[in-house]
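Here are my notes on the model you sent over. Have it open while you read, and skip to whichever point you need.

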Amino acid sequence: MTDQPPEDQLIGRARELERVADALAAGRPVLIVGEPGVGKTALARAGARAADPPRIWEGGGIATLDWMSYLPFRRALGLPLPDGDASVIADFVADHADGGVFIVDDLQWVDRDTVTATLLLADRVPVVAITRPLPRGDDIRTLLVEAGWGVLELAPLDEQDAAQLATAHNPRLARADARSVARRAGGNPLLVQGLAHARGDTTELALALRARLADLPAEARAALHRIAILERPAPLDLPPGTSTTSSTWASSPRLTKACRSATH
Ligand SMILES: Nc1ncnc2c1ncn2[C@@H]1O[C@H](COP(=O)(O)OP(=O)(O)O)[C@@H](O)[C@H]1O
Ligand SMILES: [Mg+2]
């Protein structure tokens, strides 16, 4: 993409940034919760930078490796970790991260041991963690809140900030078009960027939409799949022969097509 504003300059988010920075300054770990593309990682980084630590460490879970214990720490440190339980890992990571701020991203894709190590790490190092509001993320949120963490639910940008983001990414957009992009994207910065740049090719935007749709409950995905196939509103009960599973849904070229047409 072209015309990108510097990655580290957030548009809007003054209050949210202050909350993350204040929590870190007070030594209180914080969990940022929000939908894909809403700006969780960007906010965590900006909040960590505001604390002006000597170093920011960052690692996250990965959907396809969600069984692999301590992956965010391995990724952040770039080191093999010692054998041992969560407290051994947390001590090792804290020794390395001493003085820095730790961002543990995509907690919805980590295992229980990693969550335990994250909780223990936060006793020694300022931590910002991030999750999507998926069932697994919600369980983790409950654990963290019980342990005294703060939670920041990150909403989409308001229309004015989202329009400013659209213009920052595509200065050629007329004001009314930037506002239209903001509205169509529902204030989601990732979608705002995609729509602001969308000319012929919306592949990236379609992928971003798919990531959001993947978080919907199975019935909602099935309903959208049906609409994508029929290309018109449909009754809730499936017509014969259009039944589908979530795996066909996930790989459906029709869905990509539907996402594309939704963006034109
Ligand atoms: N307030 C903002 N101002 C400018 N760009 C933003 C803002 N929030 C997010 N972005 C950009 O939008 C994209 C998606 O944000 P990201 O933090 O990756 O979302 P998430 O982590 O919630 O999936 C990134 O390119 C990010 O830099
Ligand atoms: Mg992220």
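The points below cover the sheet first and then the ligand site.

1. A word on the source: this is a predicted model, so please read everything below as computed from that prediction.

2. Start with the sheet. Five strands make it up, in the order 2-3-4-1-5, with parallel pairing, and the sheet is open. Strand 2 (56-60) and strand 5 (150-153) are at the edges; each has a single partner strand, so one side of each has no neighbour in the sheet. Going from one strand to the next, the twist averages 20°.

3. Now look at one pairing inside that sheet. Strand 1 (residues 30-33) and strand 4 (residues 127-131) run parallel and are joined by four bridges. If you want a spot to zoom in on, try Ile 32, which sits opposite Ile 130 in strand 4.

4. Helix 1 (residues 14-25) packs on this sheet, where it touches strand 1, strand 3 (101-105), strand 4 and strand 5. The direction of helix 1 makes about 165° with that of strand 5.

5. Where does ligand 1 lie relative to domain 1 (14-153) and domain 2 (160-262)? Both domains give residues to its shell, so ligand 1 lies between them.

6. Which residues come nearest to ligand 1? Out of 17 around it, they are Gly 39, Lys 40, Thr 41, Ala 42 and Pro 189. Helix 2 (40-50) and helix 9 (189-197) supply at least two shell residues each. By class, the shell has eight nonpolar, six polar and three charged residues.

Technical notes: Residues numbered from 1 in each chain as written. Chains lettered and ligands numbered in written order. Predicted model: local features only at pLDDT ≥ 70, side-chain atom pairs only at ≥ 80, totals over all residues. Near = placed C-beta within 6 Å. Nonpolar A, V, L, I, M, F, W, Y, C, P; charged D, E, K, R; others polar. Domains from an automatic or database assignment. Pairing = 2+ DSSP bridges. Axes fitted to C-alpha atoms, helices over the stretch in contact; angles between N-to-C directions. Contact = placed C-beta atoms within 7 Å.
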